[in-house]
Amino acid sequence: MALKIDLDLCTGCGACVATCPFGALSQRAEDGKVDVNEACTACGACVDVCPVGALTLEVADRSAMAAEAEQYRGLWVYAEQRAGQLQDVTLELLGQGRTLADKLGVELSAVLLGHQVRGLGDKLFEYGADKVYLVDHPALENYTAEPYAEAMSALVRKYKPEALLAGATSIGRGFIARVAIQVNAGLTADCTELDVDVEKRLLLQTRPAFGGNIMACIVCPDHRPQMATVRPKVFAPLAPVPGRTGELIEEALNLKDPVVRVLETVNAMQNEVNVAGAEFIVTGGRGVGAPENFKLLEDLADALGGAAIGASRAAVDAGWISSFHQVGQTGKTVRPKIYIACGVSGQIQHLVGMSSSDTIIAINKDPDAPIFGVADIGIVGDLFQVVPALTKALRR
Amino acid sequence: MHIVVCVKQVPNTTQVRINPETNTLIRDGVESIMNPFDENALEMALQLKEKHPGTKVTVVTMGPPQAVDILKEAVGRGADAVVLLSDRAFAGSDTWATSYALSTAIGKLEKPDLVLFGKQAIDGDTAQVGPGVAVWLGMPCITYARAIEIADGEATVERLYEDGYEKLAVSLPCALTVLKEANVPRMASLRGKMAAKKLVIEPMTAEMSGADPAKLGLNASPTRVVKIFSPPPKAGGVKWQGEEPEVMAQRLVDLLRERKLV
């Protein structure tokens, strides 16, 4: 790809010059029209702002693209941080990324975006990264999709990784989808299995579709990087190696101010145990019957020493509990030590979110409920009798 | 204000299965519906129209000719105009090519102030087309929106994240992907149904959209599905029944303690 400038159309307004993250554009002394130098990475940021359409990106044809793919090397993981805290999914992806990078014989790098987050680099090395690319910029202080995508696209164009993984979180899914368009790459959403075809250097991306009824394996034959968002809790992090270190590459980018402004952040889970990282989860489904009956589940959670409360889609859709508790294809994926499903029938879209839990216990009065198909221990009975009995037995 | 809502016709996913012999999707007899999250996007547009008189709502879909059904449904609920983007050239589009094609169709319309999408479609579950279209249109995109207010050309949006929500402000135009909890979609009105019945929808072809043919369909799609399969069945464990709840509960607790899980 290359930037083309139509000098006949260019009015010399300078809008593009201010927008270039790499300082690759300037106005010619003689007539004020725009000129481009070798710092251009064909990121396309200028194309969007030109009011007269004088700037275009030439898209290479497919065979040329395949040849270009050869220039891309290395596996990248987006290091997601929120308020300066690295997210678990980042460590999980470094774990799986390490395996895949070793198979391909390439470096594993983490991409860290934020403001005053340099200190997080050490942890990324300890969990398996060989390199950390850092963009530390005030525009990245709060997550908004546009500057995050701009920074990631700029790095991808400059350093050319062959694959890029990000957590399938609200942040990862929100901005990586922009990056895929900006860098003209394929993106597979919400993968649950990842492998590589070493010979063809292809990332094999497997994901549930149609609500979990079907699994699909997806590849990107020609376009690079091969990009995927990956569901949290499906891979395990490596044990950290204290003192393990690597190369930190800081990229100074000229990012625009965010167009979306964060006015307020409200943590709705402040006083509750979050299902996403919980070791014990007690989940209620349609069988719970009414919002006030979640009290029974809370008592059981309490007897377990502070379990999180989960909910099936049916319970959330009925308005009995907030969607922050939802487990499944459209909710959260969980992997607790013990998962107790109470009155959950076990629709496939629920099972995909919890079936990798260590021990699954199901309580349901329908002996044919699909939940018993994944349960290690199934109790056929009325949850209104079994759950209080369990609470009582645990407290004894 | 002009609001564009992008909708998709999807199979009702609870009914989709794989033919184990041919390893292809069995879509026969599976009902087609408007993607449920798109209903919330449409409802958000219709509520904004009620609040802001003079607002026009245009609903756009890309799909085969029968996708006209969901456009008629949209008109029944109160959409002012519809676009059916339909051409064999679009066949096999992944999210990259789909978002490009949709953006060219939107580019043919009166410039929108707001472009709305459902959070994701229930067949592919990618959540990538909304943010993708926004890039092609040169707009910001706020994903996972559950509420919006508009005043003086600026939108205030509540965006959900895993542990809570954020209040965001953005100048229009912008794109949004909308959550189910944003609203309760209305039914088509009787008057709307009458209007929908009379509606003749002439499809917009690839040529009419002005799209670059090199960016359309399977050939322009970076991703390829190489295999589909049914998820491996899980082996169930033990099942206790026909005993007193207290007995089963006590046995479970004993077992968990024995395994040192509690």
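B:A127 lies in the loop of chain B between strand β8 (114-118) and helix α4 (129-137); helices (H or I, at least four residues) and strands (E, at least two) are DSSP runs numbered from the N terminus. Although B:A127 is not a glycine, its phi is positive, about 60°. The residue counts as buried because 26 C-beta neighbours lie inside 10 Å. A residue is called buried if 20 or more other C-beta atoms lie within 10 Å of its own, exposed if 12 or fewer, and partly exposed in between, with C-beta atoms placed from the backbone.

This is a predicted model, in which local features need pLDDT of at least 70 and side-chain atom pairs count only at pLDDT 80 or more, while totals for chains, interfaces and linings use all residues. Residues are numbered from 1 along each chain as its sequence is written, and chains are lettered from A and ligands numbered from 1 in the order in which they are written.

**Backbone exceptions**

A positive phi also occurs at B:K260, a residue other than glycine, with a value near 55°. B:K260 is found in the segment after α8 (245-258) of chain B. B:K260 is exposed, with 6 other C-beta atoms within 10 Å.

Two cis peptide bonds precede proline residues, one in each chain. The bond from A:R224 to A:P225 has omega near -5°, and A:P225 sits in the loop between β14 and β15 (226-230) of chain A. In chain B the cis bond joins B:L172 and B:P173, with omega about 5°. B:P173 belongs to the loop between β11 (164-171) and β12 (174-178) of chain B. Most residues other than glycine have a negative phi, and most peptide bonds are trans.

**The two chains**

The table sets out the totals for each chain. Contacts here are pairs of residues whose C-beta atoms, placed from the backbone, lie within 7 Å.

| Property | Chain A | Chain B |
|---|---|---|
| Secondary structure | 11 helices and 22 strands | 8 helices and 14 strands |
| C-alpha extent along principal axes | about 85 × 50 × 40 Å | roughly 70 × 50 × 40 Å |
| Buried residues | 52% of 396 residues | 49% of 262 residues |
| Share of contacts at separation 6 or more that join residues 24 or more apart | 65% of contacts | 70% of contacts |

**Domains of chain A**

Chain A is assigned domain 1 (2-59), domain 2 (66-250) and domain 3 (275-395); the bounds come from an automatic or database domain assignment. Between domain 1 and domain 2 of chain A, the C-alpha centres are 30 Å apart. Contacts between these two domains involve 8 residues of domain 1 of chain A and 7 residues of domain 2 of chain A. On the domain 1 side of chain A, the touching residues are 6 nonpolar, 2 polar and no charged. In this classification Ala, Val, Leu, Ile, Met, Phe, Trp, Tyr, Cys and Pro are nonpolar, Asp, Glu, Lys and Arg are charged, and the others, Gly among them, are polar.

**Contact between chains A and B**

The interface brings 72 residues of chain A into contact with 64 residues of chain B. The chain A side of this interface holds 42 nonpolar, 21 polar and 9 charged residues.

Strand pairing also crosses from one chain to the other. Strand β14 (residues 214-219) of chain A is antiparallel to strand β13 (residues 224-229) of chain B, and 5 bridges link them; two strands pair if DSSP finds at least two bridges between them. Within this pairing, A:M215 has B:F229 of β13(B) as its bridge partner.

**A sheet shared by both chains**

An open sheet of 6 strands, paired in parallel, runs in the order β19(A)-β18(A)-β20(A)-β21(A)-β22(A)-β14(B). At its edges stand β19 (308-311) of chain A and β14 (238-240) of chain B, each with a single partner strand, so one side of each has no neighbour in the sheet. From one strand to the next the twist averages 20°. Axes are lines fitted to C-alpha atoms, for helices over the stretch in contact, and angles run from 0 to 180 degrees between N-to-C directions.

Strand β18 (residues 280-284) of chain A runs parallel to β19(A) and is joined to it by 4 bridges. In this pair A:G284 stands opposite A:A311 of β19(A). Helix α11 (residues 383-395) of chain A packs on the sheet and touches β20 (338-342), β21 (359-364) and β22 (377-380) of chain A. The direction of α11 of chain A makes about 135° with that of β21(A).
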